[in-house]
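Trainee: Please take one part of this structure and look at it closely. I would like to see how the charged pairs sit within the strands and loops around them.

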Amino acid sequence: MTHRSAGPDRRRHTPRHASPGPPALADEDLMNRQHLGGSPRIRRSALAATAALAVVAGVAGAAPVSSPAAAAAKAGTPTLRLLTATDSVTLDRWRGEEGVYLDLGTYVAVEGAPLEFEVKRASYKEPVVAKQIIRNGKKTTARTLPEGTVKDFSGLTDFLQVTIADASGAPVTQVSETFCPNNASGRIHPDAPATSKYPESCPTNPFTLGSVWGVENGWASNTNLGYYSKPVDLSPGEYTATVSVKKNYRDLFGMKDEQKTVKLTVREIGEDDEGGAGAVGLRGSGSSGAAAPADHASMADHAGMTDHSGMTGAKGVKGAKGDTGAGTGGHGAGHHYLPDRGADAPAPPALPNALLADGKSARSLHLGDGPGHTDGSRIAPALQAAPKRPTGPARVPDVPKPDLRSLPAYDIAISDGEEGDTPGKDYMVFSANVWNAGPAPLVVDGFRSPGKDLMDAYQYFYDADGKQVGYSPSGTMEWDPRAGHEHWHFTDFASYRLLSADQKEIVRSGKEAFCLANTDAIDYTVKNANWHPENTDLSTACGVKSSISVREVLDVGSGDTYTQYLPGQSFDVTDLPNGTYYIQVIANPEKRLHETSVDNNVALRKVTLSGKPGARKAVAAPYDLIDVP
């Protein structure tokens, strides 16, 4: 089972692994969160995973639930408070990077009742609206949050204020931070729910339609977005950070006016400094240092924007041309081009088990798939294809079916290709997503004929009790032996085409076979949306060379994003004249899959091509309110 985050088949991947809540144990070592190496996704994953464990140490022995929380429980309204897991942290600043990420060990604790929000937009013509969901017994009410509270799906805008002072007490900087309730979290009471039902991380796909945010009763969520927040320019030294929730949110949620103080040590560290050894400037044990990624220099190449509108290019794709937006960082709302991954987005608060199985640190591992290795991020332990081919006549019963929908292309830019490609070429690169609006998951099994690198594929149908009640032939799965692939692709899931101004096809992408994965949470407010899609049997496995059968799944509410920038997958526009074009994304192009509707399978994105050969530019037109490249 494989994941194309490296090698020829670039793929955006944002798994959302649900994991049990951390045990209520105090451990001083956990106070110093270690930012593992690798891509920003892995680095933030490690930060969040350890931070989630650290929270309990900071509140071990906390007083029982207060009377306000008890009163809130009766009304179904949660009591929120700001807490710190530790009174001091050490953060490493990588030499050559813009600053440090302010993971100060601060959390929003929730008691008395869960904190829950439904966040959605009616269409791309409408703004994002967030509602707090309050459950009091059988009664459920919703209150709409004030305008400006949310701007996108990344969290509560400008929720936190952080003021940094130097050793003399002089103010150095002040920053505001967005709070994602789905951020790394942990229990603060032993009788709190053992696991969280809420999704992990806040979605950042610019075409997200709906999300659910939440913190369980008796849990606390980290306030910092780690490597998906904006780095703060602090020189090595000693500081004091003062953290508070802004007044509009205190008033909104009835929080106390209080400040938390954390002693902060910043030290500079270089490429050859392991775990702080040889760090420039200040040193100390148990630091929250970011171990160098395998190719640390490339970290400066990704463009993480402060918001979607800031995304104006694709830095990190070799030879990408055009603007790259204003700085790095942002609050998780932007997509990031990584030199070996394509588009990326915030990660879950846990590393895939396979990354830790051999005892190696993330620094020594290569994220994604390649010859002879995989990061295992698609494996669900209980996932198996049916034990044998379906028997009896094929039948498409009258039961709920998936509804595949295409999103408009995004992350559009011009690249000169990959190392070894023909020089002087211009390629239009882009990301494309097909998602499942439900109400049923897409479940496809492949069965192999012995000795052949081809499987017959079948779509399965289930009744309301989850019992398989029918199947239908749905094409084939083919083995892809190329380095960076090495898994089974389901054919004809989607098709990408470049159209002329009169919407006639000019170029068709060579990408026509796919390993399905739930990479993006597109709308978790739709009926039957699975908030933890990779923790069900209906998850995604794309097999290995020796597989006899494979199951591939696209769950309800989730989408699958591919970033196309290889020749044959991206569009060769070298010889095309300047002018207006459309990128067309088609789901289920041959209509071999049975759906709720096929009327929403096509999406178009208008693009203007300009410039001279070797210096071309591609500018995507706004799609209603969505103004991203």
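Mentor: Start with the surface. The protein has an accessible surface of about 23800 Å². Carbon and sulfur atoms hold 51% of that area. Keep in mind that this is a predicted model.

Now the overall make-up. The protein has four helices and 32 strands. It runs to 629 residues, and 59% of them count as buried. Consider the contacts whose separation is 6 or more: 74% of them join residues 24 or more positions apart.

On to the salt bridges. The count comes to 19. Three pairs deserve a closer look, and the pair with the sheet beside it comes first.

Asp624 forms a salt bridge with Lys125, and the closest N and O atoms are 3.1 Å apart. Asp624 lies in the segment after strand 32 (615–620), while Lys125 lies in the loop between strand 4 and strand 5, so the pair ties together parts that are 499 residues apart in sequence. How open is each partner? Lys125 counts as exposed, because its relative accessibility is 57% and the cut-off for exposed is over 50%. Asp624 is partly exposed, with a relative accessible area of 38%.

Now look at the strands on either side of that lysine. Strand 4 covers residues 115–120 and strand 5 covers residues 129–136. They run antiparallel and are joined by four bridges. One point of register: Val119 stands opposite Ala130 in strand 5. Step back and both strands belong to an open sheet of four strands. The order is 6-5-4-10, with antiparallel pairing. Strand 6 (139–144) and strand 10 (210–215) form the edges, and each pairs on one side only. From one strand to the next, the twist averages 25°.

A second sheet is useful for contrast. It is also open, but it has five strands in the order 2-13-12-7-8, and its pairing is mixed. Its edges are strand 2 (88–94) and strand 8 (171–179), each pairing on one side only. Here the twist averages 30° from one strand to the next. Within this sheet, strand 7 (residues 156–166) pairs with strand 8 in the antiparallel sense over seven bridges. Thr163 has Gln174 of strand 8 as its bridge partner. As background, strands of a sheet pair through backbone hydrogen bonds, either parallel or antiparallel.

Back to charges. Asp403 forms a salt bridge with Arg405, with the closest N and O atoms 3.0 Å apart. Asp403 has 3% relative accessibility, and buried means under 20%, so Asp403 counts as buried. Arg405, at 30%, counts as partly exposed.

The third pair brings in a further residue. Arg448 forms a salt bridge with Asp453, with the closest N and O atoms 3.0 Å apart. Arg448 counts as buried at 13% relative accessibility. Asp453 counts as partly exposed at 36%. Lys545 joins in too: Arg448, Asp453 and Lys545 are linked in a network of salt bridges.

Where does Arg448 sit? Strand 19 spans residues 442–448, so Arg448 is within that strand's range. Strand 19 pairs with strand 27 in the antiparallel sense over six bridges. In this pairing, Val443 stands opposite Val553 of strand 27. Strand 27 itself covers residues 549–554. Five of its six residues are buried, so strand 27 is largely enclosed by the rest of the structure.

One last site, this time without charges. Cys515 sits in the loop between strand 25 (513–514) and strand 26 (520–521). Cys515 is buried, with a relative accessible area of 0%. Cys515 and Cys542 are 27 residues apart in sequence, and their C-alpha atoms are 5.9 Å apart in space.

To sum up the three pairs: Asp624 and Lys125 tie together parts that are 499 residues apart in sequence. Asp403 pairs with Arg405. Arg448 and Asp453 share a network with Lys545.

Technical notes
Residues numbered from 1 in each chain as written. Predicted model: local features only at pLDDT ≥ 70, side-chain atom pairs only at ≥ 80, totals over all residues. Heavy atoms only, no water. Pairing = 2+ DSSP bridges. Helix = DSSP H or I, 4+ residues; strand = E, 2+ residues; numbered from the N terminus. Axes fitted to C-alpha atoms, helices over the stretch in contact; angles between N-to-C directions. Salt bridge = Lys/Arg side-chain N within 4 Å of Asp/Glu carboxyl O. Buried < 20%, exposed > 50% of the residue type's maximum accessible area, 1.4 Å probe, protein only. Contact = heavy atoms within 4.5 Å. Areas by Shrake-Rupley, 256 points an atom, 1.4 Å probe, with all protein chains shown as cover.
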